Amino acid sequence: PPQPKPPKSESEWDYRVSSIFVPRKNTTDAKSMVDIWHQPLETKARWRSFNADWEKCMLKQERFLNLIKKGVPEDHEEIQATKEVLKENYDWIMYIFLITAANDTSATDASFMGWLSYGDLMAMCKVVDSAQPGCKQGDMDTIFKAANFEVKGADPDDENPLEGLSRQEWLEVLLRVAKAKFGKQHPTLAPALLELLALMRGRLEQEAALCNDLVGVRDSRHMWRMDDFYQEETDLVYRKYERRLLELYLSFIDKANVGTHNYMCLAEWKFILERALFFEDVSFTRTEANYCFYMAKFNIVDYLADNGKFVGLDWLSFLEALGHVVRFKEMPLVANLEAQGYKGVVELVVDLDAKGLNWNDYMAGQPLEGKQDPFPVELDQLVRLLLHMAETRKIHGPHLGSWRKEKPEGWSKPPSR
């Protein structure tokens, strides 16, 4: 049998105690450094988000229940069987929601699934079929509109101005699509829903394999956090640049308007990257910037009750979003930079500017070795580059300097060692 791991020595670094992200134990709905999605199945917190979304579905009462079976109460076995399918696949369903929402070019905060992205997803998954009744593109559009119907007063703050699908509306869409696509082949909705999810998963896996990019179908955030992110060397990078990154972040936070909008929004996040010329790099797209913004946020159980955090980045999510940028943006190897006489990426950029050259031309001329520096090294180079661009190009929000000694939610004093 496997032997138990030896206890950590007092001097051994432990992310649960020493990481800059320890405040997540108090600031996130997960009350943990492990997000709700990735906690053990038996953990009560694991299902709080699903239960909250199901309750919002039930606000439509018969309008929702009749999708599954007409004229029966919520505790009917067919309702419960369908609910169980949604629950068992909820993590994957919501990850696809996240990725699809972030794909939308019109996404305001990458938190709601837009009509264009929804249509692209249905087409990619071969749900749209011009030869099948009820599954033509026009039928998919009708399903979107039907699910997008909101109960009056359900969202008093109306933080969804473009009328994209919210989480519970996405669940409803899947029921409607399953009924249209496979309803005639099954006596009840639960097996039809299972067949739809299998079709979508299979098609997305095929697409990911063709593109050699599994981000669109598999949620690897927990593994990445454990392997690369919650590590001492990574933490040292964040600690080294914490003051300057905090100043940049707080410059976008209105101290006089602490409340719903006291978080960095997607437009502000992309403004920083745009002004830092990150989008001039062909290896890093605006959609990937959306991914970084959304994947950095921990799950919010009730997005209506805590909408500001749902659509925006808190301080620690801002730091993690920078870490996700490292996953997408290509960086030159430090060894190559040093061999070319550069101390690091900042010195390279300064020299390229002086010579009238650009980043893409330089990167195109680098040897294709298929190698990467360790994550902390790449993070250090990327943060140095961002801060250099912020200082030289005057990148900051309208509230620069207004916070002085105050700290945002989630800030923690570095532990003594």
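Arg 167 sits in helix α9, which covers residues 167-182. This is a predicted model, and in it Arg 167 counts as buried because its relative accessible area is 3%, under the 20% cut-off. Here's a quick tour, starting with that arginine and moving out to the whole protein.

**Around Arg 167**
- The Arg 167 side chain makes a polar contact with the side chain of Asp 53, at 3.0 Å.
- Another polar contact links the side chains of Arg 167 and Asn 299, this one at 3.2 Å.
- Leaving out residues up to four places away in sequence, Arg 167 touches a whole list of residues, including Ser 49, Tyr 90, Met 94, Phe 97 and Phe 310.
- That list also has a run from Asn 299 through Ile 300, Val 301 and Asp 302 to Tyr 303.

**The nonpolar core**
- The largest nonpolar core is made up of 130 residues.
- Helix α6 (residues 90-103) gives the most to this core, chipping in 10 residues.
- Tyr 118, Trp 170, Trp 269 and Phe 318 have the most contacts inside the core.
- Not counting neighbours within four places in sequence, Tyr 118 is in contact with Thr 100, Met 113, Met 140, Ile 143, Phe 144, Leu 165, Val 173 and Val 177.

**The protein as a whole**
- You'll find 20 helices here and zero strands.
- Of the 417 residues, 53% are buried.
- Take the contacts between residues at least 6 apart in sequence: 71% of them join residues at least 24 apart.
- The accessible surface adds up to about 20300 Å², and carbon and sulfur atoms account for 53% of that area.

Definitions and conventions
Residues are numbered from 1 along each chain as its sequence is written. This is a predicted model: local features need pLDDT of at least 70, side-chain atom pairs count only at pLDDT 80 or more; totals for chains, interfaces and linings use all residues. Side-chain values use heavy atoms; hydrogens and water are left out. A nonpolar core is a set of buried Ala, Val, Leu, Ile, Met, Phe, Trp, Tyr and Cys residues joined through side-chain atoms within 4.5 Å. Buried means under 20% relative accessible area, exposed over 50%, partly exposed in between (1.4 Å probe, protein chains only). Helices (H or I, at least four residues) and strands (E, at least two) are DSSP runs, numbered from the N terminus. Contact means heavy atoms within 4.5 Å. A polar contact is a pair of N or O atoms within 3.5 Å; within protein, one must be able to donate a hydrogen and the other to accept it, and residues adjacent in sequence count only if both atoms are side-chain atoms. Accessible areas come from the Shrake-Rupley method with a 1.4 Å probe; for residues, only the protein chains shown count as cover.
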